[in-house]
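These are my notebook entries on salt bridges, strand pairing, helix packing and backbone angles. I set down each item as I looked it up.

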Amino acid sequence: MGVMAGKPRLPLVLTEAERQTLQGWASRRRTAQGLAQRARIVLMCADGRANTAVAAELGITRETVGKWRNRFVRDRFAGLSDEPRPGVPRTIMDAQVEQVVVTTLEEVPEGATHWSKRELAKRVGISPTTVHRIWRAFGLKPWLVDEFKVSTDPFLIDKVRDVVGLYLAPPANAAVFSVDEKPQIQALEPTAPVLPMMPGTPQRRSHDYIRHGTVDLFAALNTATGKVIGKASARHTAADFKEFLAEIDRQVEPDLAVHLICDNLGVHKAPAVKTW
(Lines give C-alpha, C1' and ligand atoms only; values in the text may rest on other atoms or scores of the structure.)
Protein backbone atom coordinates (compact mmCIF):
# COMPACT_ATOMS: atom_id res chain seq x y z
CA MET A 1 0.00 0.00 0.00
CA GLY A 2 1.53 3.29 -1.07
CA VAL A 3 1.69 6.54 0.87
CA MET A 4 0.26 9.65 -0.81
CA ALA A 5 2.63 12.57 -0.67
CA GLY A 6 1.11 15.82 0.63
CA LYS A 7 1.48 19.23 -0.94
CA PRO A 8 4.99 20.51 -0.23
CA ARG A 9 5.11 23.38 2.24
CA LEU A 10 6.79 26.65 1.40
CA PRO A 11 9.92 27.21 3.49
CA LEU A 12 9.37 29.62 6.38
CA VAL A 13 12.48 31.26 7.82
CA LEU A 14 12.33 34.33 10.09
CA THR A 15 14.89 37.05 10.57
CA GLU A 16 15.63 38.04 14.16
CA ALA A 17 13.78 41.36 13.68
CA GLU A 18 10.73 39.55 12.28
CA ARG A 19 10.72 37.11 15.19
CA GLN A 20 10.87 39.90 17.75
CA THR A 21 8.01 41.77 16.07
CA LEU A 22 5.84 38.65 15.88
CA GLN A 23 6.56 37.81 19.51
CA GLY A 24 5.46 41.31 20.47
CA TRP A 25 2.21 40.95 18.55
CA ALA A 26 1.55 37.52 20.00
CA SER A 27 2.11 38.61 23.62
CA ARG A 28 0.17 41.88 23.58
CA ARG A 29 -3.03 41.60 25.60
CA ARG A 30 -4.83 44.43 23.81
CA THR A 31 -3.80 43.62 20.27
CA ALA A 32 -6.66 42.37 18.10
CA GLN A 33 -6.82 38.69 18.96
CA GLY A 34 -6.96 37.71 15.30
CA LEU A 35 -3.58 39.33 14.64
CA ALA A 36 -2.12 37.85 17.84
CA GLN A 37 -3.19 34.35 16.77
CA ARG A 38 -1.74 34.78 13.28
CA ALA A 39 1.56 35.82 14.83
CA ARG A 40 1.55 32.68 17.00
CA ILE A 41 0.83 30.54 13.93
CA VAL A 42 3.83 31.94 12.07
CA LEU A 43 6.14 31.57 15.09
CA MET A 44 5.17 27.95 15.63
CA CYS A 45 5.53 27.12 11.93
CA ALA A 46 8.93 28.80 11.87
CA ASP A 47 10.01 26.42 14.64
CA GLY A 48 9.49 23.55 12.19
CA ARG A 49 6.17 22.30 13.54
CA ALA A 50 3.68 20.72 11.15
CA ASN A 51 0.43 22.47 10.27
CA THR A 52 -1.56 19.68 11.92
CA ALA A 53 0.33 20.03 15.21
CA VAL A 54 -0.05 23.82 15.22
CA ALA A 55 -3.77 23.53 14.48
CA ALA A 56 -4.29 21.03 17.29
CA GLU A 57 -2.49 23.18 19.88
CA LEU A 58 -4.28 26.40 18.93
CA GLY A 59 -7.69 24.76 18.45
CA ILE A 60 -8.09 25.81 14.81
CA THR A 61 -8.25 24.02 11.47
CA ARG A 62 -5.24 22.89 9.49
CA GLU A 63 -6.49 24.99 6.56
CA THR A 64 -6.36 28.14 8.69
CA VAL A 65 -2.76 27.41 9.67
CA GLY A 66 -1.82 26.84 6.03
CA LYS A 67 -3.55 30.02 4.92
CA TRP A 68 -1.65 32.35 7.27
CA ARG A 69 1.62 30.48 6.85
CA ASN A 70 1.46 30.91 3.07
CA ARG A 71 0.31 34.51 3.33
CA PHE A 72 3.31 35.38 5.52
CA VAL A 73 5.74 33.56 3.24
CA ARG A 74 4.39 35.49 0.27
CA ASP A 75 3.82 38.99 1.73
CA ARG A 76 5.57 38.89 5.16
CA PHE A 77 3.89 41.25 7.70
CA ALA A 78 1.50 42.72 5.12
CA GLY A 79 0.09 39.22 4.56
CA LEU A 80 -1.21 38.99 8.12
CA SER A 81 -3.68 41.85 7.68
CA ASP A 82 -7.29 41.20 6.82
CA GLU A 83 -8.35 41.26 3.19
CA PRO A 84 -10.11 43.10 1.78
CA ARG A 85 -9.62 46.22 3.92
CA PRO A 86 -12.85 47.91 5.04
CA GLY A 87 -13.81 51.27 3.58
CA VAL A 88 -13.19 52.87 0.23
CA PRO A 89 -9.76 52.80 -1.45
CA ARG A 90 -7.40 55.71 -0.82
CA THR A 91 -7.88 58.60 -3.20
CA ILE A 92 -5.06 60.80 -1.84
CA MET A 93 -1.60 59.63 -2.80
CA ASP A 94 1.52 60.03 -0.66
CA ALA A 95 2.97 62.38 -3.27
CA GLN A 96 0.01 64.74 -2.86
CA VAL A 97 0.38 64.73 0.92
CA GLU A 98 4.08 65.53 0.52
CA GLN A 99 3.29 68.33 -1.94
CA VAL A 100 0.84 69.93 0.50
CA VAL A 101 3.36 69.83 3.36
CA VAL A 102 6.36 71.03 1.32
CA THR A 103 4.40 73.81 -0.40
CA THR A 104 3.00 75.04 2.91
CA LEU A 105 6.47 75.17 4.48
CA GLU A 106 8.57 76.46 1.60
CA GLU A 107 6.37 78.64 -0.62
CA VAL A 108 4.10 81.67 -0.31
CA PRO A 109 1.32 82.42 -2.82
CA GLU A 110 1.74 85.56 -4.89
CA GLY A 111 0.17 88.60 -3.25
CA ALA A 112 -0.50 86.87 0.08
CA THR A 113 1.29 86.18 3.33
CA HIS A 114 0.34 82.49 3.56
CA TRP A 115 -1.63 79.75 1.86
CA SER A 116 -5.36 79.36 2.35
CA LYS A 117 -6.75 75.86 2.14
CA ARG A 118 -8.71 76.76 -1.01
CA GLU A 119 -5.70 78.22 -2.84
CA LEU A 120 -3.52 75.26 -1.92
CA ALA A 121 -6.28 72.82 -2.89
CA LYS A 122 -6.35 74.34 -6.39
CA ARG A 123 -2.55 74.06 -6.66
CA VAL A 124 -2.44 70.38 -5.62
CA GLY A 125 -5.73 69.28 -7.20
CA ILE A 126 -7.51 68.06 -4.06
CA SER A 127 -10.36 69.35 -1.95
CA PRO A 128 -9.97 72.14 0.65
CA THR A 129 -11.22 69.70 3.31
CA THR A 130 -8.38 67.31 2.50
CA VAL A 131 -5.84 70.14 2.74
CA HIS A 132 -7.22 71.02 6.17
CA ARG A 133 -6.94 67.40 7.30
CA ILE A 134 -3.32 67.21 6.17
CA TRP A 135 -2.50 70.47 7.95
CA ARG A 136 -4.11 69.15 11.13
CA ALA A 137 -2.29 65.82 10.88
CA PHE A 138 1.11 67.55 10.56
CA GLY A 139 0.35 70.36 13.04
CA LEU A 140 0.63 73.09 10.38
CA LYS A 141 -1.08 76.46 10.98
CA PRO A 142 0.04 78.80 8.17
CA TRP A 143 -2.34 81.55 9.33
CA LEU A 144 -0.72 81.74 12.78
CA VAL A 145 2.37 83.87 13.44
CA ASP A 146 4.22 84.13 16.75
CA GLU A 147 6.41 87.12 17.55
CA PHE A 148 9.79 87.25 19.26
CA LYS A 149 12.27 90.00 20.08
CA VAL A 150 16.05 89.84 19.98
CA SER A 151 17.60 91.67 22.90
CA THR A 152 19.87 94.62 22.10
CA ASP A 153 21.65 94.34 25.47
CA PRO A 154 25.42 94.28 24.71
CA PHE A 155 25.95 92.07 27.78
CA LEU A 156 23.20 89.59 26.82
CA ILE A 157 25.50 86.56 26.47
CA ASP A 158 27.19 87.23 29.80
CA LYS A 159 23.84 87.63 31.56
CA VAL A 160 22.43 84.48 30.00
CA ARG A 161 25.45 82.52 31.20
CA ASP A 162 25.00 83.90 34.71
CA VAL A 163 21.29 83.06 34.82
CA VAL A 164 21.67 79.56 33.35
CA GLY A 165 24.58 78.90 35.67
CA LEU A 166 22.51 79.84 38.71
CA TYR A 167 19.75 77.42 37.64
CA LEU A 168 21.98 74.50 36.66
CA ALA A 169 24.72 74.84 39.26
CA PRO A 170 23.59 77.03 42.17
CA PRO A 171 26.42 78.10 44.47
CA ALA A 172 26.85 76.48 47.86
CA ASN A 173 25.46 78.23 50.96
CA ALA A 174 23.20 80.42 48.81
CA ALA A 175 19.52 80.87 47.94
CA VAL A 176 18.50 81.65 44.35
CA PHE A 177 15.22 83.47 43.73
CA SER A 178 13.44 84.21 40.45
CA VAL A 179 11.66 87.54 40.95
CA ASP A 180 8.78 89.04 38.99
CA GLU A 181 5.86 91.43 39.40
CA LYS A 182 2.21 91.47 38.43
CA PRO A 183 1.25 95.15 38.25
CA GLN A 184 -2.17 96.79 38.07
CA ILE A 185 -4.23 94.03 39.68
CA GLN A 186 -7.75 95.34 40.18
CA ALA A 187 -8.87 95.33 43.81
CA LEU A 188 -12.58 94.53 43.54
CA GLU A 189 -15.12 94.06 46.32
CA PRO A 190 -18.50 92.42 45.65
CA THR A 191 -21.55 94.45 46.69
CA ALA A 192 -23.04 91.43 48.49
CA PRO A 193 -21.61 88.40 50.30
CA VAL A 194 -20.75 85.35 48.19
CA LEU A 195 -23.41 82.64 48.57
CA PRO A 196 -21.80 79.22 49.10
CA MET A 197 -22.40 76.23 46.85
CA MET A 198 -25.30 73.97 47.78
CA PRO A 199 -26.43 70.60 46.41
CA GLY A 200 -27.87 71.39 43.00
CA THR A 201 -26.86 75.07 43.20
CA PRO A 202 -23.46 76.52 42.23
CA GLN A 203 -21.64 79.21 44.17
CA ARG A 204 -23.22 82.62 43.49
CA ARG A 205 -21.82 86.11 43.66
CA SER A 206 -23.17 89.54 42.78
CA HIS A 207 -22.66 90.77 39.24
CA ASP A 208 -21.61 94.30 40.26
CA TYR A 209 -18.67 95.27 42.47
CA ILE A 210 -16.88 98.18 44.09
CA ARG A 211 -13.48 99.26 42.76
CA HIS A 212 -10.68 99.95 45.23
CA GLY A 213 -8.02 100.95 42.71
CA THR A 214 -5.20 98.59 41.85
CA VAL A 215 -2.41 96.79 43.68
CA ASP A 216 0.93 95.38 42.55
CA LEU A 217 2.09 91.90 43.49
CA PHE A 218 5.79 91.16 43.99
CA ALA A 219 6.78 87.49 44.07
CA ALA A 220 10.07 85.61 44.52
CA LEU A 221 10.33 81.89 43.72
CA ASN A 222 13.02 79.88 45.49
CA THR A 223 14.32 77.79 42.56
CA ALA A 224 15.54 75.02 44.85
CA THR A 225 12.53 74.56 47.15
CA GLY A 226 9.63 76.01 45.16
CA LYS A 227 8.66 78.29 48.05
CA VAL A 228 7.20 81.65 46.99
CA ILE A 229 7.62 84.88 48.94
CA GLY A 230 4.96 87.41 48.01
CA LYS A 231 4.09 90.97 48.94
CA ALA A 232 1.25 93.24 47.77
CA SER A 233 1.93 96.94 47.33
CA ALA A 234 -0.24 99.91 46.43
CA ARG A 235 2.47 101.20 44.07
CA HIS A 236 5.31 99.94 41.93
CA THR A 237 8.23 102.21 42.77
CA ALA A 238 11.86 101.58 43.63
CA ALA A 239 11.03 102.18 47.30
CA ASP A 240 8.29 99.51 47.16
CA PHE A 241 10.64 97.05 45.46
CA LYS A 242 13.32 97.78 48.09
CA GLU A 243 10.81 96.92 50.82
CA PHE A 244 10.13 93.63 49.04
CA LEU A 245 13.86 92.89 48.96
CA ALA A 246 13.99 93.52 52.69
CA GLU A 247 11.13 91.04 53.14
CA ILE A 248 13.10 88.40 51.22
CA ASP A 249 16.13 89.11 53.40
CA ARG A 250 14.05 88.64 56.55
CA GLN A 251 12.74 85.24 55.41
CA VAL A 252 16.09 83.82 54.28
CA GLU A 253 18.43 82.19 56.78
CA PRO A 254 21.12 84.71 57.80
CA ASP A 255 24.06 82.48 56.83
CA LEU A 256 22.93 82.17 53.20
CA ALA A 257 23.92 84.47 50.34
CA VAL A 258 20.99 85.61 48.20
CA HIS A 259 20.97 85.68 44.38
CA LEU A 260 18.04 87.35 42.58
CA ILE A 261 17.11 86.84 38.91
CA CYS A 262 15.14 89.85 37.64
CA ASP A 263 14.22 91.36 34.30
CA ASN A 264 15.43 94.74 33.04
CA LEU A 265 12.63 96.83 34.54
CA GLY A 266 13.79 100.33 35.46
CA VAL A 267 12.60 99.89 39.05
CA HIS A 268 15.09 97.03 39.48
CA LYS A 269 18.02 99.21 38.39
CA ALA A 270 17.15 102.38 40.33
CA PRO A 271 19.97 103.88 42.45
CA ALA A 272 18.06 103.26 45.70
CA VAL A 273 17.81 99.53 44.90
CA LYS A 274 21.45 99.24 43.85
CA THR A 275 22.59 101.06 46.99
CA TRP A 276 20.53 98.72 49.19
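Before the first entry I fix one term: a residue counts as buried under 20% relative accessible area, as exposed over 50%, and as partly exposed in between. I also note that the model is predicted.

**Entry 1. Salt bridges**

I searched the whole structure for salt bridges and found seven. I looked up three of them in detail.

I began with R123, which forms a salt bridge with E107, the closest N and O atoms lying 3.1 Å apart. Where do R123 and E107 lie? I find R123 in helix α6 (residues 117-124), and E107 in the loop between α5 (94-106) and α6; the pair therefore ties together parts that are 16 residues apart in sequence. I then asked whether E107 is buried or exposed. Its relative accessibility is 36%, which falls between the two cut-offs, so E107 counts as partly exposed. R123, at 42% relative accessibility, is likewise placed as partly exposed.

My second case was the salt bridge between the side chains of E57 and R49, with 2.4 Å from N to O. I looked up the accessibility of both residues. E57 has a relative accessible area of 51% and is exposed, whereas R49, with 31%, is partly exposed.

The third case was E247 with R250, a salt bridge whose closest N and O atoms are 2.6 Å apart. How are E247 and R250 placed in their helix? They are three residues apart in helix α9 (residues 238-251), so about one helical turn separates them. R250 counts as exposed, its relative accessibility being 59%.

**Entry 2. Strand pairing**

I turned to the strands. Strand β1 (residues 174-190) pairs with strand β2 (residues 209-222) in the antiparallel sense, and I record 11 bridges for this pairing. As one position in it, I noted that F177 has N222 in β2 as its bridge partner.

β2 also pairs with strand β3 (residues 228-233), again in the antiparallel sense, over six bridges. Here I noted F218, which stands opposite K231 in β3.

I then looked at the hairpin of β2 and β3. Five residues lie between its strands, and G226 takes a positive phi near 85 degrees there.

**Entry 3. Helix packing**

For packed helices I recorded two quantities, because such a pair is described by the angle between the axes and the distance between them.

How do the axes of α5 and helix α7 cross? I find that they come within 10 Å, at a crossing angle of roughly 70 degrees. This makes α5 roughly perpendicular to α7, since angles of 65 to 115 degrees are classed that way. On the α5 side, V97, V100, V101 and T104 make the contact, and on the α7 side V131, I134, W135 and F138 do. By class I list seven nonpolar residues, one polar and no charged.

For α6 and α7, the axes come within 8 Å and cross at roughly 105 degrees. These two helices are therefore also roughly perpendicular to each other. I listed K117, R118, L120 and A121 of α6 as meeting P128, V131, H132 and W135 of α7. The classes in this contact are five nonpolar, one polar and two charged.

I noted that V131 and W135 of α7 appear in the contact with α5 and also in the contact with α6.

**Entry 4. Backbone angles**

I next looked for positive phi values outside glycine, because most residues other than glycine have a negative phi.

N173 is not a glycine, yet its phi is positive, at about 55 degrees. I located N173 in the loop between α8 (156-168) and β1. Its relative accessibility of 61% places N173 among the exposed residues.

Q184 also has a positive phi of about 55 degrees without being a glycine. I found Q184 in strand β1. At 55% relative accessibility, Q184 counts as exposed.

**Entry 5. A distance across the model**

Last, I looked up V145, in the loop between α7 and α8. Is V145 buried or exposed? With a relative accessible area of 66%, V145 is exposed. How far apart are the C-alpha atoms of V145 and G230? I record a separation of 35 Å, the two residues being 85 residues apart along the chain.

Definitions and conventions: Residues are numbered from 1 along each chain as its sequence is written. This is a predicted model: local features need pLDDT of at least 70, side-chain atom pairs count only at pLDDT 80 or more; totals for chains, interfaces and linings use all residues. Side-chain values use heavy atoms; hydrogens and water are left out. A salt bridge is a side-chain nitrogen of Lys or Arg within 4 Å of a carboxyl oxygen of Asp or Glu. Buried means under 20% relative accessible area, exposed over 50%, partly exposed in between (1.4 Å probe, protein chains only). Helices (H or I, at least four residues) and strands (E, at least two) are DSSP runs, numbered from the N terminus. Two strands pair if DSSP finds at least two bridges between them. Axes are lines fitted to C-alpha atoms, for helices over the stretch in contact, and angles run from 0 to 180 degrees between N-to-C directions. Angles under 35 degrees count as roughly parallel, over 145 as roughly antiparallel, 65 to 115 as roughly perpendicular and the rest as oblique. Contact means heavy atoms within 4.5 Å. Ala, Val, Leu, Ile, Met, Phe, Trp, Tyr, Cys and Pro count as nonpolar, Asp, Glu, Lys and Arg as charged, and the others, Gly among them, as polar.
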